[in-house]
Amino acid sequence: MLERTRFEREVAALVSEAPEYEIRVSQGQFGKALAGFAKIAYVSDAVIRLLRRSKTFASMVRTLDQKYLWIDSGLLPEGGWSIDWDADENGVLRKGPYQGRRVLSIVYSLGGSYFSPAGDSRTAAYDTIAIDRAPSQAPSLGKPVTLKENGEWIERIAHETAHAFRHVLGLRRAGKTAVERINGGIDDEIATRKVEGQVVGELRKQFPKFAPYQPTTGRLERWAVERDLVTVNLLRRTYLEHFVLNERLRAALAQLPAADAEKYEALVDRIDLGKRPLASYLTATPRFVDPRNNVVSTFMQAYPNLLLALRVLDARWRSVKDIDRRDLYRDADLEAMRIAHAAAYFDGITSYTNVP
Ligand SMILES: [Zn+2]
């Protein structure tokens with residue numbers, strides 16, 4: 001073995017001096033993936049220590065350790081594991097030493113927290129847990145970590161872990177029809193929020209120092225969840241918009257060769273929405289200025305129209321500057337926006353549950 005350089009020894013000393021990030025929720029694959037995330041996102045050890053002590057969280061980890069292989073574990077074969085180990089369309093390995101497992105990546109996101117399973121988008125071969133930073137995260141290293149920051153990390157991690165847990169057990173979005181799967185998506189969000197609340201509740205009960213934390217878990221009523229805003233891959237929309245558009249995108253994609261899908265994705269990304277009034281896009285086949293020739297055009301295919309719809313929804317929601325000060329459920333303007341979006345893009349599949 002080569003002798004370590006002085007630099008390497010110094011770095012090693014630094015690492016061992018810092019106890020942070022050595023703490024894991026488990027020694028299994030999920031525990032390692034979460035430790036890797038905690039290190040990148042500067043999540044304090046206190047968060048991991050606390051999570052380990054929640055019965056609900058620990059039992060999810062036991063299952064996830066068995067079901068997953070961490071993508072950065074070094075255990076995957078170098079040349080294309082999805083082919084070598086024959087991952088099926090849902091990301092489950094059908095061959096090799098880890099048959100029956102799924103591959104997991106936990107990433108630090110700057111575009112919202114979400115769980116996205118293999119097969120959910122055209123390119124996803126493995127499950128992704130994306131966790132956005134806690135809103136009150138200390139702006140720089142060395143600043144004291146607050147109770148609020150730790151609590152928010154716990155909520156975010158518990159929440160996305162619960163989505164993954166429900167997914168590997170086949171409890172998410174099951175259903176034969178589009179409407180059943182859309183309702184299943186809302187149900188999954190409700191069930192996941194309950195688990196998040198349970199984890200935080202257990203820890204507040206067990207640890208007097210954590211007891212003062214004020215949970216920020218969202219509402220559990222269907223009508224409220226449908227209207228809540230979610231950010232996925234940097235794009236904002238309501239949960240109902242999210243599930244309906246995903247369902248429609250999947251159906252549209254099935255009609256297209258993969259090469260065409262890729263071309264449409266690149267093209268829609270380049271469209272400058274600002275060249276036409278935002279409200280003018282609120283139709284199933286909106287007119288847009290084609291970035292290739294500056295000519296006003298429309299798409300014939302459903303897939304690019306739906307991709308464009310996702311960008312329009314994001315731009316529309318971001319155009320409401322004072323949204324944090326408004327009552328998300330009772331504000332008449334916001335409700336009018338939802339109705340207009342549904343009329344343009346839902347294709348009559350479903351509609352919002354009435355606010356009681
Ligand atoms: Zn969720």
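**Exercise 1. Work out which strands stand at the edges of the open four-stranded sheet.**

Let's start with the layout: four strands make an open sheet in the order β1-β2-β4-β3, and the pairing is mixed. Strands here are DSSP E runs of at least two residues, helices are H or I runs of at least four, and both are numbered from the N terminus. Two strands pair if DSSP finds at least two bridges between them.

Now look at the ends. β1 (68-70) and β3 (114-116) each have a single partner strand, so one side of each is left without a neighbour in the sheet. From one strand to the next, the twist averages 30°.

Before going on, remember that this is a predicted model, where local features need pLDDT of at least 70, side-chain atom pairs count only at pLDDT 80 or more, and totals for chains, interfaces and linings use all residues. Residues are numbered from 1 along each chain as its sequence is written.

**Exercise 2. Describe how β3 pairs with β4 and which helices pack on the sheet.**

Step one: β3 and β4 (residues 127-132) are antiparallel partners over three bridges. In this pair, S116 sits opposite T128 of β4.

Step two: α6 packs on the sheet and touches β2, β3 and β4, its direction making about 165° with that of β4. Helix α2 (residues 29-41) lies across β1, β2 (102-109) and β4, at about 15° to β2.

**Exercise 3. Describe how α3 and α6 cross.**

Two packed helices are described by the angle between their axes and the distance between the axes. Axes are lines fitted to C-alpha atoms, for helices over the stretch in contact, and angles run from 0 to 180 degrees between N-to-C directions.

For α3 (residues 45-53) and α6 (residues 147-168), the axes come within 9 Å and cross at roughly 55°. That makes α3 and α6 oblique to each other (under 35 degrees is roughly parallel, over 145 roughly antiparallel, 65 to 115 roughly perpendicular, and the rest oblique).

Who touches whom? α3 brings A46, V47, L50 and L51, while α6 brings N150, W153, I154 and I157. Contact means C-beta atoms, placed from the backbone, within 7 Å.

**Exercise 4. Find the hairpin and describe its turn.**

β5 (residues 229-232) and β6 (residues 235-238) pair in the antiparallel sense over four bridges. L229 faces T238 in β6. The two strands, β5 and β6, form a hairpin with two residues between them, and N233 in the turn has a positive phi of about 50°.

Terms used
Contact = placed C-beta atoms within 7 Å.
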